[in-house]
Amino acid sequence: MHRVAMIVVLILSIFAATTKTWAQEVGTWEKLTIPKPFYTLEVTPYGIYAGEFSGSWGSNPYNGIFVSHNLGETWTPSGLADRGVTDITYGNGNLYATIYYWGIEDPPGLYESNDKGASWTKIGPDFSAASVAVCGDNILLGGYSHGLWV
């Protein structure tokens, strides 16, 4: 768990070291309109990816991945609908997403996209996954009650 925490701190440090927008520099943040309440965000060379993870079925959640190519002004669904996305990460040119809910045919766990989120393939064990990190050629997968997997 300590290694995962160190990786998360390293990733956050890299993003914190990037140049802030002018609005952030002067202390005026702009609230963006989003289609659903996002649970996780990942910035990639392809755009910003966001995952929805909602247990509120009465509000008709999409519970999948959205992508924005214009810094959050507009969002488009990018797959894994009705699955409950708990984390998204980018590494080695691929996107990785952890899924909480069972699909009609596909189990929860870790999914990978090598085409910018156009399609997703199940990789890894079948359990409700909480988090994912990429470190070099290694993928780390955290489960809610299933421990840490490499």
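Start with the whole chain shown as a cartoon, and count the elements: this predicted model contains two helices and eleven strands. If you follow the chain along its sequence, the two helices are passed before the strands, since the pattern reads α-α-β-β-β-β-β-β-β-β-β-β-β. Switch to a surface view next, where the accessible surface of the protein comes to about 9000 Å², with 58% of that area belonging to carbon and sulfur atoms. Of the 150 residues in the protein, 39% are buried. Among the contacts with a separation of 6 or more, 37% are made by residues 24 or more positions apart.

Now select residues 40–44, which form strand β1, and pick out Glu42 within that strand. Is Glu42 buried or exposed? Glu42 is buried, and yet Glu42 has no salt bridge, for the nearest side chain of opposite charge, that of Lys116, is 16 Å away. What does the side chain of Glu42 reach instead? If you display the backbone of Tyr90 as well, you will find that the side chain of Glu42 reaches the backbone nitrogen of that residue at 3.1 Å. To see the surroundings of Glu42, add Gly47, Ile48, Tyr49, Ile88, Thr89 and Tyr90, which Glu42 touches when residues up to four places away in sequence are not counted.

Move on to strand β7, residues 109–113, and select Ser113 in that strand. With a relative accessible area of 1%, Ser113 counts as buried, because buried means under 20%. Two polar partners of its side chain can be shown one after the other: the side chain of Asp115, with which the side chain of Ser113 makes a polar contact at 2.8 Å, and the backbone nitrogen of Gly117, which the side chain of Ser113 reaches at 2.8 Å. Leaving out residues up to four places away in sequence, Ser113 also touches Asn94, Leu95, Ala118, Ser119 and Trp120.

The next stop is a pair of charged side chains, so select Lys122 and Asp126, which meet in a salt bridge with a distance of 3.0 Å from N to O. A search of the whole structure finds one salt bridge. Where do its two residues stand between buried and exposed? Lys122 counts as partly exposed because its relative accessibility is 22%, and partly exposed covers the range between under 20% and over 50%. Asp126 is likewise partly exposed, with a relative accessible area of 47%.

Finish with the strands β9, residues 129–135, and β10, residues 138–143, which pair in the antiparallel sense over six bridges. To look at one of these bridges, select Ser131 together with its partner in β10, Gly142. The two strands form a hairpin with two residues between them, and in the turn you can find Gly136, which has a positive phi of about 65°.

From β10, continue to strand β11, residues 148–149, which pairs with β10 in the antiparallel sense over two bridges. Keep Gly142 selected and add Leu148, for Gly142 stands opposite that residue of β11. Here too the strands form a hairpin, this one with four residues between them, and Gly147 takes a positive phi near 80°.

Terms used. Residues are numbered from 1 along each chain as its sequence is written. This is a predicted model: local features need pLDDT of at least 70, side-chain atom pairs count only at pLDDT 80 or more; totals for chains, interfaces and linings use all residues. Side-chain values use heavy atoms; hydrogens and water are left out. Buried means under 20% relative accessible area, exposed over 50%, partly exposed in between (1.4 Å probe, protein chains only). Contact means heavy atoms within 4.5 Å. Accessible areas come from the Shrake-Rupley method with a 1.4 Å probe; for residues, only the protein chains shown count as cover. Two strands pair if DSSP finds at least two bridges between them. A salt bridge is a side-chain nitrogen of Lys or Arg within 4 Å of a carboxyl oxygen of Asp or Glu. A polar contact is a pair of N or O atoms within 3.5 Å; within protein, one must be able to donate a hydrogen and the other to accept it, and residues adjacent in sequence count only if both atoms are side-chain atoms. Lys and Arg count as positive and Asp and Glu as negative; His and the chain ends are not counted.
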